Amino acid sequence: MPRYEYRCRTCGDTFEISRPMAESSDPAACPSGHGDTVKLLSTVAVGGSASAPAPAPRAGGGGGGCCGGGCCG
């Protein structure tokens, strides 16, 4: 189930709630009981490396262009 992050406008507390996607826009009360909250835009972390090597060219030539470089003339 996805987790959504909210901030309370009354006390400034930030909190998360797990709920179905269909309920993501529903109001959420803060843990202190305040009802004036706003859903925050969350970021997604993706693993990997920006310095990963480029893939090796495939055997048989080509290497780019349309359909491996064989249809441009």
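This passage describes the fold, the charged pairs and the nonpolar core of a predicted model.

The chain has 73 residues, of which 14% count as buried, and its secondary structure comes to 0 helices and 3 strands. Followed along the sequence, these elements give the pattern β-β-β. The accessible surface of the chain amounts to about 5700 Å², and carbon and sulfur atoms account for 54% of that area. When the contacts with a separation of 6 or more are considered, 28% of them are made by residues 24 or more positions apart.

Two charged pairs were examined in turn, since the structure holds 2 salt bridges. In one of these, E16 is joined to R3, and the closest N and O atoms of the pair are 2.9 Å apart. Because E16 belongs to strand β2 (residues 14-18) and R3 to strand β1 (residues 3-8), this salt bridge ties together parts of the chain that are 13 residues apart in sequence. With a relative accessible area of 45%, E16 is partly exposed, whereas R3 has a relative accessible area of 51% and is exposed; the value for R3 is therefore just on the exposed side of the cut-off, which is set at over 50%.

The other salt bridge is formed between D36 and R9, with the closest N and O atoms 3.9 Å apart, a distance that still satisfies the rule because the limit is within 4 Å. This pair links distant parts of the chain, as D36 is found in the loop between β2 and β3 (37-39) and R9 in the loop between β1 and β2, 27 residues apart. Here D36 is partly exposed, at a relative accessible area of 38%, while R9 is exposed, at 56%.

The aromatic residues were considered next. A pair of aromatic rings is described by the distance of the centres and the angle of the planes. The count in this structure comes to 1 aromatic pair, which is made by Y6 and F15: their ring centres lie 5.8 Å apart and their planes meet at 20°, so the pair is stacked, given that planes under 30 degrees apart count as such. Both Y6 and F15 are buried.

These two residues also appear in the largest nonpolar core, which has 6 residues, namely Y4, Y6, C8, F15, A28 and C30. Strand β1 gives the most to this core, contributing 3 residues. In soluble globular proteins, nonpolar side chains tend to be buried together. The surroundings of one core member, C30, can be described further: when residues up to four places away in sequence are not counted, C30 touches C8, C11, F15 and T37, and of these contacts C8 and F15 are themselves listed in the core.

A final position of interest is D13, which lies in the loop between β1 and β2. At 31% relative accessibility, D13 counts as partly exposed. Once its neighbours within four places in sequence are left aside, D13 is in contact with Y6, R7, C8 and P31, and among these contacts Y6 and C8 are members of the largest nonpolar core. The C-alpha atoms of D13 and T37 are 9.4 Å apart in space, although the two residues are 24 residues apart in sequence.

Note on methods. Residues numbered from 1 in each chain as written. Predicted model: local features only at pLDDT ≥ 70, side-chain atom pairs only at ≥ 80, totals over all residues. Heavy atoms only, no water. Helix = DSSP H or I, 4+ residues; strand = E, 2+ residues; numbered from the N terminus. Buried < 20%, exposed > 50% of the residue type's maximum accessible area, 1.4 Å probe, protein only. Contact = heavy atoms within 4.5 Å. Areas by Shrake-Rupley, 256 points an atom, 1.4 Å probe, with all protein chains shown as cover. Salt bridge = Lys/Arg side-chain N within 4 Å of Asp/Glu carboxyl O. Phe/Tyr/Trp six-rings, centres within 6.5 Å; stacked < 30°, edge-to-face > 60°. Core = buried A, V, L, I, M, F, W, Y, C linked by side-chain atoms within 4.5 Å.
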